[in-house]
Amino acid sequence: MDEKERIIRWIRYRIRSLGMLEVQRILEEKYMSVLDEMEIDELKRLEEMLRMDDWSLRRKLLEED
């Protein structure tokens with residue numbers, strides 16, 4: 001498994017394991033269908049963002065919308 005595949009697997013796992021359904025829904029709509037098409041640097045930025053705790057992630061996503 002290369003680095004891109006590892007990051008995509010982790011991102012999918014993280015999105016599915018979120019405790020906040022609202023945040024999970026937003027992330028699924030924005031990213032799940034395009035993960036395979038994203039460049040490695042974009043995936044790394046998304047991975048870093050998803051390492052935030054659920055509440056911080058929620059705030060960031062709602063600020064973007």
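**A chat about a four-helix chain**

Trainee: Leaving aside neighbours within four places in sequence, which residues is R14 in contact with?

Mentor: R14 is in contact with L50, M52, D53, D54 and L57, once its neighbours within four places in sequence are left aside. Please keep in mind that this is a predicted model.

Trainee: Where does R14 lie?

Mentor: R14 lies in helix 1, which covers residues 3-17.

Trainee: What joins the side chains of R14 and D54?

Mentor: The two side chains, those of R14 and D54, are joined by a polar contact of 3.0 Å.

Trainee: And is R14 buried or exposed?

Mentor: R14 is buried: its relative accessible area is 14%, and the cut-off for buried is under 20%.

Trainee: Let me step back to the whole chain. How many helices and strands are there?

Mentor: The chain has four helices and zero strands. Read from the N terminus on, its elements run α-α-α-α. The radius of gyration is 11 Å, close to the 11 Å that the globule rule gives for 65 residues, so the chain is as compact as a globular protein of that length.

Trainee: What box do the C-alpha atoms fill?

Mentor: Taken along the principal axes, the C-alpha atoms of the chain fill a box of roughly 30 × 20 × 20 Å.

Trainee: What share of the residues counts as buried?

Mentor: Of the 65 residues, 34% count as buried. As for the surface, the chain exposes about 4,400 Å², and carbon and sulfur atoms supply 47% of that area.

Trainee: Which residues of helix 2 are buried?

Mentor: In helix 2, the buried residues are V23, Q24, I26, L27, Y31 and M32.

Trainee: What covers them, the buried residues of helix 2?

Mentor: Their cover includes helix 1, helix 3 and helix 4, the last of these spanning 54-64. As background, an α-helix has 3.6 residues a turn, so residues three or four places apart point the same way.

Trainee: Moving to I11, where does it lie, and is it buried or exposed?

Mentor: I11 lies in helix 1. At 0% relative accessibility, I11 counts as buried.

Trainee: What does I11 touch, not counting residues up to four places away in sequence?

Mentor: I11 touches L35, L43, L46, E47 and L50 on that basis.

Trainee: How far apart are I11 and L21 in space?

Mentor: Their C-alpha atoms, those of I11 and L21, are 16 Å apart, and the two residues are ten residues apart in sequence.

Trainee: L43 is on the list for I11. Where does L43 lie, and is it buried or exposed?

Mentor: L43 lies in helix 3. L43 is buried, and its relative accessible area is 0%. Leaving aside neighbours within four places in sequence, L43 is in contact with K4, I7, I8, I11, L35 and M38.

Trainee: E47 was on that list for I11 too. In which helix is E47 found, and what is its relative accessible area?

Mentor: E47 is found in helix 3. The relative accessible area of E47 is 8%, so this residue is buried. With neighbours within four places in sequence left aside, E47 is in contact with R6, I7, W10 and I11.

Trainee: What about I40: buried, partly exposed or exposed?

Mentor: I40 is partly exposed, with a relative accessible area of 31%. I40 is found in helix 3. Not counting residues up to four places away in sequence, I40 touches E3, K4 and I7. The C-alpha atoms of I40 and E5 are separated by 9.6 Å, although the two are 35 residues apart along the chain.

Trainee: M38 appeared among the contacts of L43. Where is the place of M38?

Mentor: M38 sits in the loop between helix 2 (21-32) and helix 3 (40-50). With 11% relative accessibility, M38 counts as buried.

Trainee: Which contacts does M38 have, leaving aside neighbours within four places in sequence?

Mentor: M38 is in contact with K4, Y31, L43 and L46. M38 and I8 are 30 residues apart in sequence, and their C-alpha atoms are 9.5 Å apart in space.

Trainee: For the chain as a whole, what share of the contacts with a separation of 6 or more comes from residues 24 or more positions apart?

Mentor: Residues 24 or more positions apart account for 65% of those contacts.

Trainee: Last topic: how many positive and negative charges are there?

Mentor: The chain has 14 positive and 18 negative charges, and the mean positions of the two sets are 3 Å apart.

Terms used:
Residues numbered from 1 in each chain as written. Predicted model: local features only at pLDDT ≥ 70, side-chain atom pairs only at ≥ 80, totals over all residues. Heavy atoms only, no water. Helix = DSSP H or I, 4+ residues; strand = E, 2+ residues; numbered from the N terminus. Buried < 20%, exposed > 50% of the residue type's maximum accessible area, 1.4 Å probe, protein only. Polar contact = N/O pair within 3.5 Å; in protein donor to acceptor, adjacent residues only side chain to side chain. Contact = heavy atoms within 4.5 Å. Rg over C-alpha atoms; globule rule 2.2 N^0.38 Å. Areas by Shrake-Rupley, 256 points an atom, 1.4 Å probe, with all protein chains shown as cover. Lys, Arg positive; Asp, Glu negative; His and termini not counted. Charge placed at Lys NZ, Arg CZ, Asp CG, Glu CD.
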